[in-house]
Amino acid sequence: MKIAIGNDHAGTQYKKKVVNLLKQRGIEVINYGTDSEDSVDYPDFVHPVADDVENNKVDFGVIICGSGNGANMTANKHQGIRSALCWTGEIAKLAREHNNANILSIPARFVSENQALDMVKIFLETDFEGGRHQNRIDKIPVQK
């Protein structure tokens, strides 16, 4: 498995923990995030993650910013992305099962490091249920 990860300054410490977890599980990580806590613009670190997921260069993406919202909004501008802003393990599970989410967005200022790590584990271990959910996912892209 290969994961792309991106973060802004608010997510640097969480990113380091997530990368360690993924590497311990034998997962290859492509790090697009900042390693500094100096202020940066989250889109610069999120677009490369979304590009990799959208172009099937990685299996999933993880993005982290203060509220999770800016990173999530940025990722979801990409047509092939279904990024889910999650703050509990249950939401991460449902995002995979029902929405076939391919990017997990973590709000670093609103969840603990342990909650973030649990969400990553659950997100990666949960399969998409398909069935009735696939029809809904097929309707997500804007049809012009």
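**Exercise 1. Determine which strands helix α5 lies across, and how the helix runs relative to β5.**

Solution. Step 1: α5 spans residues 113–125; helices (H or I, at least four residues) and strands (E, at least two) are DSSP runs, numbered from the N terminus. This is a predicted model, in which local features need pLDDT of at least 70 and side-chain atom pairs count only at pLDDT 80 or more, while totals for chains, interfaces and linings use all residues. Residues are numbered from 1 along each chain as its sequence is written, and side-chain values use heavy atoms, with hydrogens and water left out.

Step 2: The helix lies across β1, β3 and β5 (103–107). Its direction makes an angle of about 170° with β5; axes are lines fitted to C-alpha atoms, for helices over the stretch in contact (heavy atoms within 4.5 Å), and angles run from 0 to 180 degrees between N-to-C directions.

**Exercise 2. Establish which residues of α5 are buried and where they sit around the axis.**

Solution. Step 1: A116, L117, M119, V120, F123 and L124 of α5 are buried, where buried means under 20% relative accessible area, exposed over 50%, and partly exposed in between (1.4 Å probe, protein chains only).

Step 2: These residues cover an arc of only 160° around the axis, which puts them on the same side of α5; the arc is that of the directions from the helix axis to the C-beta atoms. An α-helix has 3.6 residues a turn, so residues three or four places apart point the same way.

Step 3: The face turned away from the buried side of α5 carries the exposed residues N114 and E125. The cover over the buried residues includes β1, α1 (12–24), β3, α4 (89–99) and β5.

**Exercise 3. Derive the strand order of the sheet and identify its edges.**

Solution. Step 1: The open sheet has five strands in the order β2-β1-β3-β5-β4, with parallel pairing; two strands pair if DSSP finds at least two bridges between them.

Step 2: β2 (28–31) and β4 (83–85) each have a single partner strand, so one side of each is left without a neighbour in the sheet. The twist from one strand to the next averages 20°.

Step 3: β1 (residues 2–7) pairs with β3 (residues 60–65) in the parallel sense over five bridges. Within β3, V62 is the bridge partner of I5.

**Exercise 4. Explain why C86 forms no bond with C65.**

Solution. Step 1: A search of the whole structure finds zero disulfides, a disulfide being a pair of cysteine sulfur atoms within 2.5 Å.

Step 2: The closest cysteine sulfur to that of C86 is in C65, 13 Å away, which is too far for a bond.

Step 3: C65 is buried, with a relative accessible area of 3%, and C86 is also buried, at 0% relative accessibility.
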